[in-house]
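I opened my notebook to look up where charged side chains pair up. Here is the structure I worked from.

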Amino acid sequence: MAPAPKLRRRPILVVASVAAVCLGALLGVWAWTSTSNTHEVVAVRATIARGETIDRADLMTVQVGVDPGLRTVAGDSLPELVGQRAAMDMAAGSLVTSESVTRSVIPPAGQSVVGVALPPSLMPGEPLQAGDTVRIVGTPGAQGEATDAAPVEVTATVVGLHPGAEQDKTVVSVLVPKDEAGELAARAATGRVVLVLDSRER
């Protein structure tokens, strides 16, 4: 009987097989790494305006790779957010951070929020921030007359800024005691007030 013919291995097929095995291993490592580096966090399903109460339908959980510097909210903490309020405007699709929500109500009992529209010339050059302590000070009349009387001042806390809301003015929302809100609103309506930023030291 004639001996069985010897099978000849083609080098190119051997190389291709090794390359396929290596590629499969790399894809497996990449898939495992991608999965292990993602976390379930809370995201916004529907846009929530500042101050609104957060409903369960407003939120969802997503799997993302998160930068350690971003203080997101873990997915299993979603039920704890329901019933809290948005501390800032939260756009649909954005991630929820610990600074995005608050348990406090604005304005709280005994306080009111008043909007004061001011041009840049009547505001400090330093950019205002929510939480700043400011004074709304009455200015002289239309003719610029000065008096010996001390200017009327109302101490307030900045809760929001709305640039360009009224022509070239910025509407500054400030928190004041309820019994001072009426007078401040009346003075702000005349346009004869200036905003003073007090120390940020705490």
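My entries on the salt bridges follow.

Entry one. I kept in mind that this is a predicted model, and I began with a search of the whole structure, which finds four salt bridges. I also reminded myself that side chains of opposite charge can pair when their charged atoms come close.

Entry two. I looked up Arg135 and found its side chain in a salt bridge with that of Glu153, at 3.2 Å from N to O. This pair links distant parts of the chain, since Arg135 belongs to strand 6 (residues 133–138) and Glu153 to strand 7 (residues 153–166), 18 residues apart.

Entry three. I then saw that the side chain of Asp198 also meets that of Arg135 in a salt bridge, again with 3.2 Å from N to O. Here too the pair links distant parts of the chain, with Asp198 in the segment after strand 9 (193–197) and Arg135 in strand 6, 63 residues apart.

Entry four. Are these residues buried or exposed? I noted that Arg135 is partly exposed at a relative accessible area of 24%, that Glu153 is partly exposed at 39%, and that Asp198 is partly exposed at 22%.

Entry five. I turned to helix 3 (residues 178–190), where Arg187 and Glu183 lie four residues apart, about one turn of the helix. Their side chains meet in a salt bridge of 3.3 Å, N to O. Arg187 counts as partly exposed at 32% relative accessibility, and Glu183 counts as partly exposed at 42%.

Entry six. Finally, I wrote down that salt bridges sharing partners join Arg135, Glu153 and Asp198 into one network.

Terms used. Residues are numbered from 1 along each chain as its sequence is written. This is a predicted model: local features need pLDDT of at least 70, side-chain atom pairs count only at pLDDT 80 or more; totals for chains, interfaces and linings use all residues. Side-chain values use heavy atoms; hydrogens and water are left out. Helices (H or I, at least four residues) and strands (E, at least two) are DSSP runs, numbered from the N terminus. Buried means under 20% relative accessible area, exposed over 50%, partly exposed in between (1.4 Å probe, protein chains only).
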